[in-house]
Amino acid sequence: IIEEFDPSLPIIKVNRESLLQVFDNIIKNSIEASKNTTNSFVKITTKFIEGERIKIPNIIEKVKKNYISVVITDNGVGVDSEEINKLFLPFYTKKKKGSGIGLFLVKKIINDHEGHISIKSINGLTKVDINLPI
């Protein structure tokens, strides 16, 4: 596991237990997708993302939306492009003993925090990108 954490991130208000469930699920999926070789890795990166200024009607100044980004990358078996759109659907799984609830709950928790999550898989690297508002 490779860690690249930004030490200057601000504190944000979140449901700690829910986000622990999110990261536990994603990291567990990354490890299970691993080919379990000496070259296998899971990389966790955090950083501050300065957002766009958004104009809100009847407010003179534009509001700035900043985010904390958490990116989890692995070099496991990858995900087919056809599967990517199904990953957050309830009861969808490719695992023999999976329930298909994990990523569905992950997306719900991130949405409840007014965040965004996406998954991309290109050239053997699968990247889960989570943005949580500050």
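1. Strands in this note are DSSP runs of E with at least two residues, and helices are runs of H or I with at least four, both numbered from the N terminus. The structure is a predicted model, and the points below should be read with that in mind. In the terms just given, Thr46 lies in strand S2, a residue to which point 6 returns.

2. On the overall layout, the protein chain contains 3 helices and 7 strands, and from the N terminus on these elements follow the order β-α-β-β-β-β-α-α-β-β. The C-alpha trace spans about 55 × 30 × 30 Å along its principal axes. The protein chain has 134 residues, of which 31% count as buried. When contacts between residues at least 6 apart in sequence are considered, 63% of them join residues at least 24 apart.

3. Helix H3, which covers residues 102-112, has Leu103, Val106, Ile109 and Ile110 among its residues, and these four are buried. Viewed down the axis of H3, the buried residues fall within an arc of 120°, so they line one face of the helix. The general background is that an α-helix has 3.6 residues a turn, so residues three or four places apart point the same way. The cover over the buried residues of H3 includes helix H1 (16-33), strand S6 (116-122) and strand S7 (125-133). After H3 comes Glu114, whose phi is positive, near 60°.

4. The largest nonpolar core is made up of 21 residues, and those with the most contacts inside it are Val22, Ile26, Ile110, Ile117, Ile119 and Ile130. At least two residues of this core come from each of H1, strand S2 (42-49), strand S5 (67-74), H3, S6 and S7. The element that gives the most to this core is H3, with 4 residues. For Ile130, with residues up to four places away in sequence not counted, the residues touched are Val22, Phe23, Ile26, Ile68, Ser69, Val70, Ile110, His116 and Ile117.

5. Phe104 is also found in helix H3, but it should be kept apart from the buried set of point 3: its relative accessible area is 32%, so Phe104 is partly exposed, the value lying between the limits of 20% and 50%. Not counting residues up to four places away in sequence, Phe104 touches Phe88, Leu89 and Pro90. The C-alpha atoms of Phe104 and Leu132, which are 28 residues apart along the chain, are separated by 17 Å. Phe88 has a further partner in Lys107, whose charged end sits over the ring of Phe88 at 5.3 Å from its centre. As for pairs between aromatic rings, the count comes to 0.

6. Is Thr46 buried or exposed? With a relative accessible area of 13%, which is under the limit of 20%, Thr46 is buried. A polar atom of the Thr46 side chain lies 2.9 Å from the backbone nitrogen of Asp6. Leaving aside neighbours within four places in sequence, Thr46 is in contact with Glu4, Phe5, Asp6, Leu9, Ser69 and Val70, and among these Ser69 and Val70 are also touched by Ile130.

7. Asn29, in helix H1, counts as partly exposed at 21% relative accessibility. A reader should note how the classification works here, because buried means under 20%. Leaving aside its neighbours within four places in sequence, Asn29 is in contact with Lys95 and Leu103, and Leu103 is one of the buried residues of H3. Asn29 and Asp74 are 45 residues apart along the chain, and their C-alpha atoms are separated by 9.6 Å.

8. Two loop residues deserve a check of their backbone angles. Most residues other than glycine have a negative phi. Phe91, placed in the loop between helix H2 (81-84) and H3, has a positive phi, near 70°, and at a relative accessible area of 63% Phe91 is exposed. Asn123, in the loop between S6 and S7, likewise has a positive phi, near 50°, and Asn123 is exposed, with a relative accessible area of 77%.

Definitions and conventions: Residues are numbered from 1 along each chain as its sequence is written. This is a predicted model: local features need pLDDT of at least 70, side-chain atom pairs count only at pLDDT 80 or more; totals for chains, interfaces and linings use all residues. Side-chain values use heavy atoms; hydrogens and water are left out. Buried means under 20% relative accessible area, exposed over 50%, partly exposed in between (1.4 Å probe, protein chains only). The arc is that of the directions from the helix axis to the C-beta atoms. Contact means heavy atoms within 4.5 Å. A nonpolar core is a set of buried Ala, Val, Leu, Ile, Met, Phe, Trp, Tyr and Cys residues joined through side-chain atoms within 4.5 Å. A polar contact is a pair of N or O atoms within 3.5 Å; within protein, one must be able to donate a hydrogen and the other to accept it, and residues adjacent in sequence count only if both atoms are side-chain atoms. Rings of Phe, Tyr and Trp (its six-membered ring) pair if their centres lie within 6.5 Å; planes under 30 degrees apart count as stacked, over 60 as edge-to-face and the rest as tilted. A charge sits over a ring if NZ of Lys or CZ of Arg is within 6 Å of the ring centre and within 35 degrees of the ring normal.
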